[in-house]
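Please work through the exercises below with the sequence and the coordinates at hand. Each task is followed by a solution that goes step by step.

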Amino acid sequence: MNTENFATETSTRISVQEIVVRYHPNQEPVLDRLSLQILPHKLNVLIGPNGCGKSTLLKAMARQLRLSSGAVFIEDRNINSFSALELSQYVGILFQENFAPNDLTVEELIYYSRYPRLKLFESLREEDYHAVQWAMEITNTLRWRDRMIRELSSGQRQLVWIALIIAQESKCLFLDEPTSYLDMANQIEILDCIHRLNREMGKTIVVSIHDLNMAAQYADWIFAMKDGRIHSFGAPQNIITSELLHEVFDVEAKIIYDQQDGAVYCIPKHVGYSSESVARRE
């Protein structure tokens, strides 16, 4: 298959400006005047403790949530001005939990990503076939194309969902903790696939990851979140520090820098029980 058409992406700028998100009108904001600039063509990783707003931020950037104030821009255009089809061409999002009818095959599920592009009563086209086949190739899910969704493991299903949003052909992919609840081998397979999408297809990736060592190994750029705001951002070697882990996660950790390949590793020691951290846990 000729993959040239799928390997080149133009730069897509995404900026978040002073957004506030509340799930209930009288509630404290989950995101509080948060601003950031997503690096195009890079693998951007969100880190932060549970409840800091990572999932909410991804949903806000994909217009899955109503903003109390502020705005999200794609190519200097407010996302509220996009039609659903237009937005899908820029943004594909994978949530933490996804559900599909168990009586579908892998290939049938992935084809669902193509239907929004079709006109009323229009049949699938050759370009739809190529998009689906390429999505299965790059995620290594062709081997399961005729298997039923119910027959797959959690890791296999996650790869299939990634294939689905790839087949959508969005320029940017948002993935909310795609490695949660998976064993180490499956985590690496998922992150290798995401890394390949970035490097070979030029996709702009925004992904939330709990495992700081995985985040450090795969990220080009890391945004550390705390209490609904961006605490700090930068390259992994500048973000994964003992000081930041103490400030953001209330964790004491030893940081090891590999002089040979420039990698950074985090070895947690213990949780710091400051009065602030205890109050948050309560």
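## Exercise 1: A salt bridge across the sequence

E75 has a relative accessible area of 24%, which makes it partly exposed. Bear in mind throughout that the model is predicted.

**Task.** Which side chain does E75 meet in a salt bridge, and at what N to O distance?

**Solution.** Begin with the pair itself: the side chain of E75 meets that of R13 in a salt bridge, at 3.1 Å from N to O. Next, place the two residues: R13 belongs to the loop between helix 1 (4–7) and strand 1 (14–21), whereas E75 belongs to the loop between strand 4 (69–74) and strand 5 (77–78), so the contact ties together parts that lie 62 residues apart in sequence. Finally, consider the surroundings of the partner: R13 counts as partly exposed, at 41% relative accessibility.

## Exercise 2: Further charged pairs

**Task.** Determine how many salt bridges the model contains, and describe the pairs formed by R145 and by D32.

**Solution.** The count comes to 14 salt bridges. In one of them, R145 pairs with E107, and the closest N and O atoms are 2.7 Å apart. This pair links distant parts of the chain, since R145 is in the loop between helix 5 (126–138) and helix 6 (154–167) and E107 is in helix 4 (residues 106–111), 38 residues apart. With a relative accessible area of 25%, R145 is partly exposed, whereas E107, at 16%, is buried.

Turning to D32, its salt bridge is with R33, and here the closest N and O atoms are 3.0 Å apart. D32 is buried, with a relative accessible area of 19%, a value that falls under the 20% cut-off; R33 is partly exposed at 45%. To complete the picture, a network of salt bridges links R114, R125, E127, D128 and E169.

## Exercise 3: The order of a sheet

**Task.** In what order do the six strands of the open sheet run, and which strands stand at its edges?

**Solution.** The six strands follow the order 6-7-8-3-9-10, and their pairing is mixed. Strand 6 (91–94) and strand 10 (229–234) stand at the edges; each has a single partner strand, so one side of each is left without a neighbour in the sheet. Neighbouring strands of this sheet are turned by 15 degrees against each other on average, direction ignored.

For one pairing in detail, take strand 3 (residues 43–47) and strand 9 (residues 221–226), which pair in the parallel sense over four bridges. Within strand 9, W221 is the residue that stands opposite N44.

## Exercise 4: Cysteines without a bond

**Task.** How many disulfides are counted, and why are C193 and C266 without a bond?

**Solution.** The count comes to zero disulfides. For C193, the closest cysteine sulfur is that of C172, and because the two sulfurs are 17 Å apart they are too far for a bond. For C266, the closest cysteine sulfur is in C52, at 16 Å, which is likewise too far for a bond. As to accessibility, C193 is buried, with a relative accessible area of 5%, and C266 counts as buried at 9%.

## Exercise 5: A nonpolar patch

**Task.** Which residues make the nonpolar surface patch of about 300 Å²?

**Solution.** The patch is made by Y112, Y115 and L124. Of these, Y112 is found in the loop between helix 4 and helix 5, and at 48% relative accessibility Y112 counts as partly exposed.

Definitions and conventions:
Residues are numbered from 1 along each chain as its sequence is written. This is a predicted model: local features need pLDDT of at least 70, side-chain atom pairs count only at pLDDT 80 or more; totals for chains, interfaces and linings use all residues. Side-chain values use heavy atoms; hydrogens and water are left out. Two strands pair if DSSP finds at least two bridges between them. Axes are lines fitted to C-alpha atoms, for helices over the stretch in contact, and angles run from 0 to 180 degrees between N-to-C directions. A salt bridge is a side-chain nitrogen of Lys or Arg within 4 Å of a carboxyl oxygen of Asp or Glu. Buried means under 20% relative accessible area, exposed over 50%, partly exposed in between (1.4 Å probe, protein chains only). A disulfide is a pair of cysteine sulfur atoms within 2.5 Å. Patches are made of residues with over 30% relative accessible area and no salt bridge: like charges are joined within 9 Å, nonpolar side chains (Val, Leu, Ile, Met, Phe, Trp, Tyr) within 5 Å. Accessible areas come from the Shrake-Rupley method with a 1.4 Å probe; for residues, only the protein chains shown count as cover.
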